[in-house]
Amino acid sequence: MPELTEEPADTTKELKPVPVQGRWRQLSLLGGTMLVENTEASLISGLFPVIRQSLGVSLGALGVLTAAGRIVGVFAGPFWVWAAQRWSRKGVLVLATGFWGVWGIAAGFAQNFTQLLILITVLAAGYAASGPLTTEILGDLFDSESRGRAVGMLYGVINLAASLFATLKGQLAGVDDGWRWGLWGIGTVNVLFGVALLLWMRDPGRGASEQQLAGLDQQTREAHSKVTSKQVTALFRIPSLVILLVSRLLSGQLLAAAFGVIFLVDVYGFSTQVASVVLFPMGIGFFTGTVLGGFLADWAVRRNPRNGLVIILQAAQFAFATMAFFGTQFDWGGIGVFAVFFALMGLTQGINPVVNRPMIMAVTLPELRGAAFAIYLSLFEAVAIATFSLGVGFLGDAFGLRSVFLWVLVVLVLVNGIFLTLLYRTYATDVACVQRTLEDRRRTALAE
């Protein structure tokens with residue numbers, strides 16, 4: 001009979017999982033790996049004007065750099081999730097998102113665009129482990145009523161710090177080979193985070209924060225942790241997950257930070273140093289959106305578990321499209337007004353992860369969340385960003401970034417908001433299905 005840490009209650013409604021010890025400390029460690037990933041991406045986009053001059057490439061090269069990193073993630077992300085299933089999640093994170101930073105150091109020595117492209121792509125292959133595995137572990141550290149706040153703090157602090165670093169790194173544009181120093185610094189910090197993960201990270205185990213599995217030992221909780229290809233394929237039969245996957249392909253917001261600096265440089269004539277200033281208020285806005293959105297999401301789960309999260313997610317799309325229209329289609333003169341609108345764009349964009357991540361956790365079983373997030377982040381988000389990056393890069397050369405931003409950041413995001421209406425028909429049903437399965441597992445475990 002499985003070991004219990006407490007006497008079993010008569011109903012699962014009486015059970016509450018004991019909060020995982022040190023869960024916020026563990027979350028901060030996981031966040032460090034994602035911070036380095038975001039910082040590297042912001043370095044390339046923020047300093048691309050000087051990289052373009054240093055290596056003699058066109059605007060389309062930024063799209064190629066961004067797309068290549070995302071495309072390799074399509075294959076690398078699922079591979080790391082598979083490796084974590086057969087080895088350990090901690091071991092994969094230490095290797096792929098920690099010590100992998102040596103490739104970032106190497107990228108700083110690139111002598112031409114081809115070398116830079118290869119090294120940045122290899123670096124991105126390791127970073128592809130961070131998103132799905134960190135989000136999966138977050139679902140095991142926090143229960144359904146606190147995941148919104150946890151995701152909000154994770155993504156908020158990461159993007160705030162990354163935006164601050166991006167603004168500071170933007171000043172490297174005035175230093176000879178400043179972008180190289182940026183890559184060397186990020187790679188070194190990356191390796192140091194790998195050492196920190198190795199020493200202090202503690203994996204709570206799958207299902208550690210599920211109400212239905214409260215009191216069961218880790219071996220019993222992870223009895224279903226071995227995932228088959230048939231189970232992964234079955235994810236595409238979860239209607240709400242499919243809707244969220246398609247919605248990711250329509251998320252034009254993903255390009256706001258990546259092309260924001262070069263947009264202001266090319267369209268409105270700001271210098272790289274001045275244009276980089278908007279990244280910090282955008283980061284502050286994103287941080288505010290994730291933190292406040294996290295509390296709002298947890299409140300919505302308690303007050304309207306059927307549709308609360310859907311309403312918030314849909315409203316965030318419409319709000320972002322409005323801010324993007326006024327923030328990119330008018331010449332406001334000084335950088336200050338642009339910074340305000342970029343901050344508002346960051347705020348409305350920041351609401352997205354604190355809603356869609358908990359939604360995916362709610363409609364998938366614990367052992368399948370890693371695969372679900374690999375599909376969501378490493379496949380669909382990667383395809384979306386790669387497609388947008390290539391399209392914006394080359395279409396921007398042909399038609400101008402102003403027109404491209406109108407169609408991608410405004411029109412496409414409005415379409416996405418309308419598309420999410422489909423979740424009102426599916427989300428509550430899919431959540432209930434997961435809850436029933438977990439309750440059945442508990443009854444089976446206690447009966448043995």
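This passage describes a predicted model of a single protein chain, moving from its overall make-up to one kinked helix, one cavity and a few buried residues.

The protein chain is built with 20 helices and zero strands. Of its 448 residues, 60% are buried. Contacts that reach far along the sequence are well represented: when residues at least 6 apart in sequence are considered, 85% of the contacts join residues at least 24 apart. The surface that remains exposed amounts to about 17,800 Å², and carbon and sulfur atoms supply 66% of that area.

Helix 13 makes a good place to begin a closer look. This helix spans residues 255-268 and carries a kink of about 40 degrees, centred on V261. Eleven of its 14 residues are buried, so helix 13 is largely enclosed by the rest of the structure. V261, the centre of the kink, is itself one of the buried residues. The others in that set are L255, A256, A258, F259, G260, I262, F263, L264, V265 and Y268. Just after the helix comes G269, which has a positive phi, near 75 degrees.

The interior also holds some empty space. Three cavities of 30 Å³ or more were counted in the model, and the second largest of them contains about 70 Å³. Its lining is formed by L244, S247, R248, S251, Q253, L313, Q317, N352, N356, Y376, N416 and L420. Sorted by class, these lining residues comprise seven polar, four nonpolar and one charged. Three helices each supply at least two residues of this lining, namely helix 12 (239-249), helix 16 (308-328) and helix 17 (335-363). The largest share, three residues, comes from helix 12.

Two of the helices that contribute to the cavity lining, helix 16 and helix 17, also contain residues that merit a description of their own. A324 is located in helix 16. With a relative accessible area of 0%, A324 is buried, because the cut-off for a buried residue is under 20%. Setting aside residues up to four places away in sequence, A324 touches Q329, M345, L409 and V410. The C-alpha atom of A324 is separated by 8.6 Å from that of L344, a residue 20 places away along the chain.

P353 belongs to helix 17. Its relative accessibility is 6%, and P353 therefore counts as buried. Beyond residues up to four places away in sequence, the residues that P353 touches are V151, Y155, F286, T290 and P358. A further spatial relation links P353 with G156: the two are 197 residues apart in sequence, yet their C-alpha atoms are 9.5 Å apart in space.

A contact between helix 1 and helix 7 completes the picture. T33 lies in helix 1, which covers residues 23-46, while T134 lies in helix 7, which covers residues 130-141. T33 is buried, with a relative accessible area of 1%, and T134 is likewise buried, at 0%. These two threonines touch one another, as T134 appears among the contacts of T33. Besides T134, and leaving aside neighbours within four places in sequence, T33 is in contact with T97, S130 and L197. The partners of T134, with residues up to four places away again not counted, are L30, T33, M34, L93, A129 and L154. T33 also has a C-alpha separation of 9.5 Å from V189, although their positions lie 156 residues apart along the chain when counted as sequence separation.

Definitions and conventions: Residues are numbered from 1 along each chain as its sequence is written. This is a predicted model: local features need pLDDT of at least 70, side-chain atom pairs count only at pLDDT 80 or more; totals for chains, interfaces and linings use all residues. Side-chain values use heavy atoms; hydrogens and water are left out. The bend at a residue is the angle between axes fitted to the seven residues ending there and the seven starting there. Helices (H or I, at least four residues) and strands (E, at least two) are DSSP runs, numbered from the N terminus. Buried means under 20% relative accessible area, exposed over 50%, partly exposed in between (1.4 Å probe, protein chains only). Contact means heavy atoms within 4.5 Å. Accessible areas come from the Shrake-Rupley method with a 1.4 Å probe; for residues, only the protein chains shown count as cover. On a 1 Å grid over the protein atoms alone, a cavity is a set of points where a 1.4 Å probe fits but cannot get out, and a pocket is an open set with protein on both sides within 12 Å along at least five of seven lines; lining residues have an atom within 4 Å of a point. Grid points are joined across faces, edges and corners, and a volume is the space filled by probe spheres set on the points. Ala, Val, Leu, Ile, Met, Phe, Trp, Tyr, Cys and Pro count as nonpolar, Asp, Glu, Lys and Arg as charged, and the others, Gly among them, as polar.
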